[in-house]
Amino acid sequence: MSSNKATLIGLLAIMLWSLIVGLIRGVSESFGPIGGAALIYTLASAFLVFTVGPTKVRDFSKTYLAWGSLLFVTYELCLALSIGYANTDRQAIEVGMVNYLWPSLTILFAIVFNKQKANLLVVPGFLLSTLGACWILGGKQGLDFASIWANVHDNPLSYGLAFAGALIWAAYCTVTARIARGRNGITLFFTLVAISLWIQYFFADEGVMNVNARAIIYLLLAACAMGFGYAAWNVGILHGRITILAGASYFIPVLSAALAALVLDTPLSMPFWQGAAMVCIGSILCWQATR
């Protein structure tokens, strides 16, 4: 496969991932936060079996399987349930933006734990990303601490899961960079996420799933975005231009917010877009600091 073609496939992954927030929210409205997520990851696991292929456990180190499974599964649970438990569509988009603090956190963790070399540009980058998230949480008031507190206090579960997910994914990227040895257990990890969600679902009381044509379409699209997104990214990072893909990935927050607003038919205020831009620019500064 040519480098240009692989890079385009990798860019397709970024587009698919940007759809995830809106699609997960759409699925959870019909199937419930846990049930909807369980269905998404079950179908996505099936897609990964046919695209990436099944995980050959014997080829992986036990350390990678243990830590990779724990961190990946925990992160995906935090991501899916933080969006599913949001009180409103706008809140679901805000929660998704909090989750996108992970690029800056990943750079920070790499510097602290993996001895990644970086210049002082990482400081304003990390501060700008954090400020952008706070700006978003302030709603129409922007950086207003009373509004931020009121917003988070309205649904601490969703916002807490989103922030925990950002920390966990940063830890996953940092840990697996050291112990994966170029391997990728994505199919196994997705299957474990699906199993974990079904166990939660059978012990939870979410009521009856509302199955209809719209819900099924959202489910199929969400599973495709999840499964094929990871498959496409795998092709991109193995055969494409890493610098282009890495740079493009930092624009996911703005693209995700735009597509989620379109999918969920939810208007977003100017302070939201200002905060989203801050998160993106801050992430890019952190990335530049390590180049």
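1. L71 is placed in helix α4 (residues 62-84); here helices are DSSP runs of H or I of at least four residues, strands are DSSP runs of E of at least two, and the numbering starts from the N terminus. At a relative accessible area of 12%, L71 is buried. The term buried denotes under 20% relative accessible area, exposed denotes over 50%, and partly exposed lies in between, with a 1.4 Å probe and protein chains only. Leaving aside neighbours within four places in sequence, L71 is in contact with I168, A171, Y172 and V175, where contact means heavy atoms within 4.5 Å. L71 and R291 are 220 residues apart in sequence, and their C-alpha atoms are 26 Å apart in space.

2. On the basis of the note: this is a predicted model, in which local features need pLDDT of at least 70 and side-chain atom pairs count only at pLDDT 80 or more, while totals for chains, interfaces and linings use all residues. Residues are numbered from 1 along each chain as its sequence is written, and side-chain values use heavy atoms, with hydrogens and water left out.

3. On the overall architecture: the protein chain has 14 helices and 0 strands. Read along the sequence, the pattern is α-α-α-α-α-α-α-α-α-α-α-α-α-α. The C-alpha trace spans about 55 × 50 × 35 Å along its principal axes. For 291 residues, a compact globule would have a radius of gyration near 19 Å, and the 18 Å of the protein chain agrees with this. That radius is taken over C-alpha atoms, and the globule rule is 2.2 Å times the number of residues to the power 0.38.

4. On burial, long-range contacts and surface: of the 291 residues of the protein chain, 53% count as buried. Among contacts with a separation of 6 or more, 88% are accounted for by residues 24 or more positions apart. The accessible surface of the protein chain comes to about 13,400 Å², and 69% of this belongs to carbon and sulfur atoms. These areas come from the Shrake-Rupley method with a 1.4 Å probe; for residues, only the protein chains shown count as cover.

5. On charge: the protein chain carries 15 positive and 10 negative side chains, and the centres of the two sets lie 22 Å apart. Lys and Arg count as positive and Asp and Glu as negative, whereas His and the chain ends are not counted. Each charge is placed at NZ of Lys, CZ of Arg, CG of Asp or CD of Glu.

6. On salt bridges: a search of the whole structure finds 4 of them, each defined as a side-chain nitrogen of Lys or Arg within 4 Å of a carboxyl oxygen of Asp or Glu. One of them joins E29 to R25, with the closest N and O atoms 3.6 Å apart. E29 and R25 are separated by about one helical turn because they are 4 residues apart in helix α2 (residues 20-31). E29 is partly exposed, with a relative accessible area of 40%, whereas R25 counts as buried at 7% relative accessibility.

7. R25 also forms a salt bridge with D89, the closest N and O atoms being 3.0 Å apart. This pair links distant parts of the chain, with R25 in helix α2 and D89 in helix α5 (residues 89-99), 64 residues apart. Both R25 and D89 are buried.

8. A further salt bridge joins the side chains of E94 and R90 at 3.0 Å, N to O. E94 and R90 are 4 residues apart in helix α5 and so are separated by about one helical turn. E94 counts as buried, at 2% relative accessibility. Salt bridges with shared partners also join R25, E29, D89 and R214 into one network.

9. On helix α14: C280 is placed in this helix and is buried, with a relative accessible area of 4%. Not counting residues up to four places away in sequence, C280 touches Y250, F251, P253 and V254. C280 and Y100 are 180 residues apart in sequence and 8.8 Å apart in space, C-alpha to C-alpha.

10. On helix α13 and the loop that follows: L255 is found in helix α13 and counts as partly exposed at 28% relative accessibility. L255 touches M15 and S18, residues up to four places away in sequence not being counted. The C-alpha atoms of L255 and G10 are separated by 15 Å, with their positions 245 residues apart along the chain. D265 lies in the loop between α13 (252-264) and α14 (270-289). D265 has a positive phi of about 55° although it is not a glycine, and is exposed, with a relative accessible area of 68%.
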